Amino acid sequence: MEEHRFRGTGTVITYTTIYSATEDFERLTPYNLAIIQLDEGPKLTGQVVCAPENMKIGMRVRPVFRILGKEGERGIIYYGTKFAPADDAP
Amino acid sequence: MRAVSIIGVGCTRFGERWDSSLRDLVVETGIAAIEDAGVTGEAIDALYVGNMSGGRFVEQEHIGALIADYAGLSRLHIPSTRVEAACASGGLALREAFLAVASGYADIVIAAGVEKMTDVSSGVAADALAAAADREWECFFGATFPALYAMIARLHMRRYGTTREQLAQVAVKNHHHGHMNPIAQYHTEIKVEDVVSSPLVADPLRVLDCSPITDGAAAVVLAPSDIASRYCDTPIRILASAQASDSLALHDRRDITTLDATVYAAKKAFAQARLTPEDIDVAEVHDCFTIGEILAIEDLGFFPKGEGGAATEEGRTAIGGDVAVNTSGGLKACGHPVGATGIKQAYEIVLQLRGEAGRRQVDDAEIGLTHNVGGSGGTALVHILSR
């Protein structure tokens, strides 16, 4: 096993905008979710932070470090990767 | 392997069953199935029950022993097993019961399914159901079940020209079928305009594209075919039972617009039964969302890939069409108590093949199929039944 660091840039294969979510994500609605193909090949699921009307199949995205969730006001905060539009990404 | 037949069936009314607990629902359906089969408790060799998430929905696990107990069988010490494959738990219970009889291990076996979903808020229910997806790689990033199917729908529309109205036609047809089914959750007919103007859940899917949250249970009784006529005038043969798996996460699939688990299970089932998709008169397929039925009728082989939307719009999947799909109303209108759905599908096909489906009866139905999916396609089960 060898560790590999992806560049994080990729292309939106398909997407949705979520209006009704589970309790942990309800405060974010509406939010965009996409299947993204990384430039190195593998696919993953992640949020894309932009206005729903700007989402497009085939759009380029880049990774951004964001809060993904919180366990209440005083609980653990989960950080992770979301994506942002990157029309300039190679 | 021995030939296996269904000798009795039962199903509760589906819906918001605030009058009944999980155990009440199982007892209601179990008694109906046992009476239909005309068997006594002493004759039963084993029980299998499909249940996705008793722990999350009613804080009750150990469902196997519970249903044997409340069916009045605890003193007989019959082995009772809960099986789980998310929304395909019922179909998997049917397959486990089939294997027990086919192998010669047991003679009279009950396959049941139950889910009691309306005791929790819709947010808790959505999270419990999301557990059928990949918790670390999908849900952690905000995926919901409608969202996964919405992403399939969007790509299917882009690639094959499937229209918003064609998706809606699935719900319109299934509500039409469901309004003729006494056990269905919804008896209201709807129009395409109702679907496309209902609130967005996960774009492009709207409320009326989604199956509801439902309480319900169903049960079938299996026996070796050579003794089935002792119990029943019209035993229904199980010609094939097939199961297939795929990646848990949608994004890891070979093709996002094809459920390969369905494709593989269907191929195996048709080979076992020595039949082709053209031979099927009536089918219950997994329409957890409207796009789900379009995928199913393509991936089962009823229509070429990409033509499921047009086939639906042309009425080819309605009663009287090429193949009558979801005569019960499907998951959409009959309701979707997740652990019970796979058994309810068999219940509906048995009624159709016996000629007991009332106003929604398909003329001369001889061969039927059930198709039950777990998650976004990580598991699929296909059974083929014959008069």
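Reader: Which element gives the most to the lining of the largest pocket, and what makes a residue part of a lining?
Author: α5(B), with 6 residues. Lining residues have an atom within 4 Å of a pocket point; a pocket is an open set of points on a 1 Å grid over the protein atoms alone where a 1.4 Å probe fits, with protein on both sides within 12 Å along at least five of seven lines. Helices like this are DSSP runs (H or I, at least four residues), numbered from the N terminus.

Reader: What am I looking at, model-wise?
Author: It's a predicted model, where local features need pLDDT of at least 70 and side-chain atom pairs 80 or more, while totals for chains, interfaces and linings use all residues. Residues count from 1 along each chain, chains are lettered from A and ligands numbered from 1 as written, and side-chain values use heavy atoms, leaving out hydrogens and water.

Reader: Why is the pair F25(A) and Y31(A) called tilted?
Author: Rings of Phe, Tyr and Trp (its six-membered ring) pair if their centres lie within 6.5 Å; planes under 30 degrees apart are stacked, over 60 edge-to-face, the rest tilted. These centres are 6.0 Å apart with planes at 35°, so the pair is tilted.

Reader: How do you know whether F25(A) is buried or exposed?
Author: Buried means under 20% relative accessible area, exposed over 50%, partly exposed in between (1.4 Å probe, protein chains only). F25(A) has 6%, so it's buried, and Y31(A), at 4%, is buried too.

Reader: What about F145(B) and Y149(B)?
Author: They form a tilted pair, 6.4 Å centre to centre with 35° between planes. They're 4 residues apart in helix α6 of chain B, so about one helical turn separates them. F145(B), at 8%, counts as buried, as does Y149(B) at 1%.

How values were computed:
Helix = DSSP H or I, 4+ residues; strand = E, 2+ residues; numbered from the N terminus.
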